[in-house]
Amino acid sequence: MSERETWTSRVGFILAAVGSAVGLGNIWSFPFQTASNGGAAFLVVYLLAVFLIGFPAMLGEFVIGRRSEQNAVEAFRSLGFGEWSVAGGLGVVGSFVTLAFYSVVGGWVLSYIVGSVTGAYLGDPGAYFGAVSAGPIAVATHAVFMALTIGIVALGVTDGIERATKVMVPAIFVLIGGLAVWVSTLDGASDGYSYYLSPDVSVIAGDLAGIVPSAVGQAFFTLSLGFGVMIAYSSYLGRDDSLPADGSAIVVVNTLVALLAGFVVFPVLFAIEGAVPESGGAGTAFTALASAFSQIPGGQAIGLGFFVVLLLAALSSSISLLEVPTSFVVDRTGYDRTPTAVGLGVLVAIAGVPTALDTGILGWYNDVVFNLLLPLAVLVIAVFVGWVADDQLAEELDLGSSFGDDFSTVWLWWIRIVIPVAIGGTLLLGIQSLLV
Ligand code: PFF
Ligand code: NA
């Protein structure tokens, strides 16, 4: 069995983790969720969830991964708590299933890149979405997206994931920043900004029980928590890295990209009368944006830039989802990475076919994963870190840390008490909103 790989640099790890975090969740879901849930008022709830629950939970995954130097399943066993590897198993299944859905949407993005070049969606954006989102074209683009994902993961942690994200993540930043500046010159820009961020507290007050679980679920999803991605990625990390410093960089950059995405999307939509979707079903973002791109000056070029950003963001996330089962099988069996990644990727591609034929399943996935599975998975990790393996893991946070012992003491108590209580409350609300 060949020696386990490590990231070649600290920046390599940070960019890979940012690549995982920044994805369809930031650019496709976040702006619409914010706009339809009370703008800045929703943003406050979301930011609290990201920084007060997501960030400490991410550090929890980091200490498990770096301490054990193992994938999400073996990590628990090698720390001496084999019974808990069920939690990692949940992550392997969760990332497998998530990738099957994620890749279908990644396929849509490919079709919209082609459509931006050829102008195919300009005539009838609604019909274009119908043609590419479900049926043979969707199956084909989903397969292409999976092939790209497999290709990168098969090349390895440093030659594949690290090398790819080192190019993709800076490109995402430059492109999305450039687009935000460009669209600020459009006619509807200021109306777009105020629609996006106007704090409508009454929306939140009217539906607190529905909005809190979706903000928390969105926070976990966007930070790639719960499925063992951050365990796997931090398992390739050296002892001299400061986990709290790296974690804060990842969380801050991820939040900035999400915010920037809104500064691109809403000026575009408001440049056109009536382009703003009332509520965001899976496809509304695509149809609404495509119809705006077909009408604004320079729309085809802006569209191309936007969908290229979306592809880079989706791909740098999908590789992290495939890395979870791949690292599990490679660590466990000693099989070569290349055939393992190919074999698992083909299985994921097959599992995604029903969704590529009928997108209705996507809504169901969203409800169950955001309201139930993600909070539950993060809760299990918090309990493990805080109450089961507490001493060795609290010590791990201090290694290489620039934040001092007081930080790790507060963090441990936070993980023990605050996070379980907060997630417990969220779960109750989430279950309630699933039932009504
Ligand atoms: N964070 C990614 C996004 O926001 O699109 C999606 C994701 C990747 C979720 C990896 C979970 C995960 F484990
Ligand atoms: Na990404």
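Me: What percentage of the 436 residues in the protein is made up of buried residues?
Reply: Happy to help! This is a predicted model, where local features need pLDDT of at least 70, side-chain atom pairs count only at pLDDT 80 or more, and totals for chains, interfaces and linings use all residues. Residues are numbered from 1 along each chain as its sequence is written, while chains are lettered from A and ligands numbered from 1 in the order in which they are written. A residue is buried if 20 or more other C-beta atoms, placed from the backbone, lie within 10 Å of its own, exposed if 12 or fewer, and partly exposed in between; for the 436 residues here, the buried share is 56%.

Me: Is aspartate 406 buried or exposed?
Reply: This residue is found in helix H19 (residues 405-435), where helices are DSSP runs (H or I) of at least four residues, numbered from the N terminus. Aspartate 406 has 8 other C-beta atoms within 10 Å, so it is exposed.

Me: How many Å separate the C-alpha atoms of aspartate 406 and proline 267?
Reply: Along the chain, these two are 139 residues apart. In space, the separation of their C-alpha atoms is 44 Å.

Me: How many charged residues does the shell around ligand 1 have?
Reply: There are 16 residues around ligand 1, each with its C-beta atom, placed from the backbone, within 6 Å of it. Asp, Glu, Lys and Arg count as charged; Ala, Val, Leu, Ile, Met, Phe, Trp, Tyr, Cys and Pro as nonpolar; and the others, Gly among them, as polar. The shell has six nonpolar and ten polar residues, and the number of charged ones is zero: no charged residues.

Note on methods:
Helices (H or I, at least four residues) and strands (E, at least two) are DSSP runs, numbered from the N terminus.
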